[in-house]
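Here are my comments on the model you sent round. Please keep the coordinates open while you go through them.

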Amino acid sequence: MNQNEIIQTVKTMIAAPSCCQELKDAGQKWLDAVGTAGEAAAWDALLKEAREDICTIEHTLAFFESEMGTKIFGAEKAKALAAHARDVIAKGGKWCDCTACAACAKILGL
């Protein structure tokens, strides 16, 4: 990926409803640092946060099938999301494919 692609990926990631605040903050700090002396350190911090926050598809499936997943999404939506996660697994996917996790995977080169 070239830098313009990375910038767009980070912007997409931080705009995603599924992106946690820590990852949004790390992404925005890197965007703000692009072209400055602090860019490399901000990039390292973004990579660290992305590694911490990306979810495996198995973890995602377990969440959608949990009581908390049902409470957050409602039974019908949680069931549909779990079915989607099973489909991702069946196709060999290793990572959650929500917008935030997909961007993390792209940034991390996974």
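The points below take up the basis of the model, then helix packing, then a surface patch.

1. This is a predicted model, in which local features need pLDDT of at least 70 and side-chain atom pairs count only at pLDDT 80 or more, while totals for chains, interfaces and linings use all residues. Residues are numbered from 1 along each chain as its sequence is written, and side-chain values use heavy atoms, with hydrogens and water left out.

2. Helix 2 (residues 21-33) and helix 3 (residues 39-53) pack with their axes 8 Å apart, at an angle of about 160 degrees. The two are therefore roughly antiparallel, the term for angles over 145 degrees, and the crossing of helix 2 and helix 3 is left-handed (the near helix is turned anticlockwise from the far one by less than a right angle).

3. Helix 3 also meets helix 7 (residues 99-108), their axes coming within 10 Å and crossing at roughly 130 degrees. This pair is therefore oblique, a class that takes the angles left over once those under 35, from 65 to 115 and over 145 degrees are set aside; the crossing of helix 3 and helix 7 is left-handed.

4. On the surface, F63, M68, I72 and F73 make a nonpolar patch of about 360 Å², where patch residues have over 30% relative accessible area and no salt bridge, and nonpolar side chains are joined within 5 Å. Helix 5 (residues 67-73) gives the most to this patch, with three residues.

5. I72 lies in helix 5 and counts as exposed because its relative accessibility is 52%, the cut-off being over 50% with a 1.4 Å probe.

Notes: Patches are made of residues with over 30% relative accessible area and no salt bridge: like charges are joined within 9 Å, nonpolar side chains (Val, Leu, Ile, Met, Phe, Trp, Tyr) within 5 Å. Accessible areas come from the Shrake-Rupley method with a 1.4 Å probe; for residues, only the protein chains shown count as cover. A salt bridge is a side-chain nitrogen of Lys or Arg within 4 Å of a carboxyl oxygen of Asp or Glu. Helices (H or I, at least four residues) and strands (E, at least two) are DSSP runs, numbered from the N terminus. Buried means under 20% relative accessible area, exposed over 50%, partly exposed in between (1.4 Å probe, protein chains only). Axes are lines fitted to C-alpha atoms, for helices over the stretch in contact, and angles run from 0 to 180 degrees between N-to-C directions.
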